[in-house]
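Ready for a few exercises on reading a protein model? Try each task by yourself, then follow the solution step by step.

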Amino acid sequence: MTIQTPGSARPSHEHHVPSGPAHPGRRSAVALRPRSTAALALVSVAGLLAFLWPLFASADSRLGQNADAPLVFALLLPLLLAVVLFEISEGGLDVKAVAMLGVLSAVGAALRPLGAGTAGLETVFFLLVLGGRVFGPGFGFVLGSTTLFASALVTGGVGPWLPYQMVGAAWVGLGAGLLPRVPPRWELALLAAYGAVAGLLYGLALNFSFWPFATGLGGDLSFVAGAPAWDNLHRFAVFSLATSAWWDLGRAITNVVLILVTGRAVLGTLRRASRRAAFDAEGTFDAPVAPGPEPGTRHTLSG
């Protein structure tokens, strides 16, 4: 007896990933859950204290008289950053996000030596702005810290200043991810304006990390422990204008130029990669289907 079956159904084990809308909004590559958000807020508050403590140090405070204070904060900040990275990786950092983070961190580490900070020409911050814009605030925060760390290893720039640079760059990426949505024709203008402001604020933050212990200063440039916060803030402003204003302005201009020139192409590339990676999509699996005859199958008996 022979059974002739032209075809039969095969078991289906297809994996479906939602394609999403034709014009998706921002895809968050790193999900910020309540615990990771709290850890990120904690390290941001600690970072603000590490930068701004000169404004609140009393005359008899050890912070105002001991040059080891920046070293204490330099040891504390990496520990807090590690806590944030651990909390984010617990549930919001998958393999695709890690791969994208590694690629962008490597690109940023390779770009930074091209400017080397000469006259404020920093060629890495525009990538943090564009990456944070596309992949969200959590990814931008991690990208900023890992990029500065990787570039320090490449250029030999590891020192007590590195944790301050990592926190400052992490804030740049975080802020880019928190920017509001705007019509496409205004997006580059928004990002360029943010890049300029972020470049200036980054320079001011780094100045705060060493200003109290800068030597050879006098008069209106020096930090005075125990002085009113407004007086020390005025001294700091004079110090920044006299020592680093042109460098900070150069960083801001570099960010604006690079974002306007490369922004459209880089944003398009990153968004295509985000759509293909489908960071915010959840895969579903169809239940296996038992094999059986297809409709219209003819069975004949012979013999």
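**Exercise 1: A buried pair**

Decide whether Glu122 is buried or exposed, given its 9% relative accessibility.

*Solution.* Start with the cut-offs: buried means under 20% relative accessible area, exposed means over 50%, and partly exposed lies in between (1.4 Å probe, protein chains only). At 9%, Glu122 therefore counts as buried.

Before going on, note that this is a predicted model, in which local features need pLDDT of at least 70 and side-chain atom pairs count only at pLDDT 80 or more, while totals for chains, interfaces and linings use all residues. Residues are numbered from 1 along each chain as its sequence is written, and side-chain values use heavy atoms, leaving out hydrogens and water.

Now find the salt-bridge partner of Glu122.

*Solution.* A salt bridge needs a side-chain nitrogen of Lys or Arg within 4 Å of a carboxyl oxygen of Asp or Glu. Arg112 fits, as its closest N and O atoms with Glu122 are 3.9 Å apart. Arg112 sits in helix H4 and Glu122 in the loop between H4 and H5, so this bridge ties together parts 10 residues apart in sequence. Helices here are DSSP runs (H or I, at least four residues), numbered from the N terminus. Arg112 is buried too, with a relative accessible area of 14%.

**Exercise 2: More salt bridges**

State how many salt bridges the whole structure holds, and look at two further ones.

*Solution.* The search finds 4.

- Step 1: Glu187 and Arg133 meet at 2.9 Å, N to O. Glu187 belongs to helix H8 (residues 184–210) and Arg133 to helix H5, so distant parts of the chain, 54 residues apart, are linked. Both Glu187 and Arg133 are buried.
- Step 2: Arg133 and Glu187 are also joined with Arg271 in a network of salt bridges.
- Step 3: Arg251 bridges to Asp248, with the closest N and O atoms 3.1 Å apart. The two are about one helical turn from each other, because they are 3 residues apart in helix H10 (residues 245–277). Arg251 is buried at 8% relative accessible area, and Asp248 is buried at 7%.

**Exercise 3: How do H5 and H6 run?**

Work out how H5 and helix H6 (residues 137–155) are oriented from their packing angle.

*Solution.* The angle is about 150 degrees, and the axes are 7 Å apart. Axes are lines fitted to C-alpha atoms, for helices over the stretch in contact, and angles between N-to-C directions run from 0 to 180 degrees. Under 35 degrees counts as roughly parallel, over 145 as roughly antiparallel, 65 to 115 as roughly perpendicular, and the rest as oblique. H5 and H6 are therefore roughly antiparallel.

Next, look at which residues touch, where contact means heavy atoms within 4.5 Å. From H5, Leu127, Leu128, Gly131, Gly132 and Phe135 meet H6 residues including Phe139, Leu143 and Thr147. The contact of H5 with H6 has 7 nonpolar, 5 polar and no charged residues.

**Exercise 4: A serine in a loop**

Describe where Ser244 lies and what surrounds it.

*Solution.* Ser244 is in the loop between helix H9 (229–243) and H10. Its 9% relative accessibility makes Ser244 buried. Setting aside neighbours within four places in sequence, Ser244 is in contact with Asn207 and Phe239.

Definitions and conventions
Ala, Val, Leu, Ile, Met, Phe, Trp, Tyr, Cys and Pro count as nonpolar, Asp, Glu, Lys and Arg as charged, and the others, Gly among them, as polar.
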